[in-house]
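Student: I've got a new structure to look at, and I'd like to know where its labels come from. Can we go through them together?

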Amino acid sequence: MARHVVVGDLRAQQIERKEGRRSWTIVWPEGTVHAEADRFLRLHDGSGTQRTYAYLLVDHLRWLERECLAFAVVQLRDLERYMGLVGAEVRMLLGEPWRVGKRPYGHSALSTAAACLKGFYLHQSSLGINGELGKKLDESRLPSRVDRRRSFLGHVKSSLPTNPPAPKGPHRRTEDASGRRPGEAAGGGERRPGPAGGHLARRRRASHR
């Protein structure tokens, strides 16, 4: 019996096992089981963790599909970038926004997502897939600290921050009635500069007039 079916996309699905047991897996749009995800989720069969991991993992798998990333080529920076896209505080380019307009994961969800992804890729590594990533995950943690500068996903910076974080308290940045911060363009993104160096060239020409 399916739950929260998403037509035309990977989805988490509840299935009936023998003896009336219920468990969760991930299936492709045509209904076939996602083998790698199912093998990992079976490690948590019979626990509440399995359902939670299924919903967190399916979002990550959808993102991999969009990014055209196979398990064998995923790098640690890809996982860090994904965590940044769902709400973790990271200092790196994030690329195209993900889950735009939705609220970022909170601290608990970020911690659980980090544990889920680490467990999934360590499991892949144990099966001989992407051993290099497995070694790096053995020695590091995925970011799970909440990025409190974002109220909704899609407010993603196009470059690394050059200023220290805004101070906490009454001087934090505000948003207008439309939900955009000062300087943001309609549609949730920030105004982007023209070609690199263009603004600097214009300033130089103006100073020689």
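Tutor: Sure, let's take the labels in turn.
This is a predicted model, where local features need pLDDT of at least 70, side-chain atom pairs count only at pLDDT 80 or more, and totals for chains, interfaces and linings use all residues. Residues are numbered from 1 along each chain as its sequence is written, and side-chain values use heavy atoms, with hydrogens and water left out.

Student: What is the average pLDDT of the protein?
Tutor: The average is 78, and 67% of the residues score at least 70. The score is the predictor's confidence in each residue, on a scale from 0 to 100.

Student: Where does pLDDT stay under 50?
Tutor: One such stretch is residues 1-7, for which the model has 14 contacts beyond four places in sequence. Another is residues 155-209, with 45 contacts of that kind. A contact means heavy atoms within 4.5 Å. Where pLDDT is low, the predicted coordinates should not be read in detail.

Student: Why is cysteine 68 called exposed?
Tutor: Residues count as buried under 20% relative accessible area, exposed over 50%, and partly exposed in between (1.4 Å probe, protein chains only). Cysteine 68 has 69%, so it is exposed. This cysteine sits in the loop between helix 2 and helix 3, and its phi is near 55 degrees, a positive value in a residue other than glycine.

Student: And why does cysteine 116 count as buried?
Tutor: Its relative accessibility is 0%, so cysteine 116 lands in the buried class.

Student: How many disulfides are there?
Tutor: The count is zero, where a disulfide is a pair of cysteine sulfur atoms within 2.5 Å.

Student: What makes helix 3 largely enclosed by the rest of the structure?
Tutor: Nine of the ten residues of helix 3 (residues 76-85) are buried, so that description fits. Among them are Leu76, Tyr82 and Met83. The buried residues of helix 3 pack against helix 2 (48-67), helix 4 (107-126) and helix 5 (131-138). As for the name, helices (H or I, at least four residues) and strands (E, at least two) are DSSP runs, numbered from the N terminus. Just after helix 3, glycine 87 has a positive phi of about 130 degrees.

Student: Is glutamine 124 buried or exposed, and what is it in contact with?
Tutor: Its relative accessible area is 1%, so glutamine 124 is buried. Glutamine 124 lies in helix 4. Leaving aside neighbours within four places in sequence, glutamine 124 is in contact with Glu36, Phe71 and Ile129.
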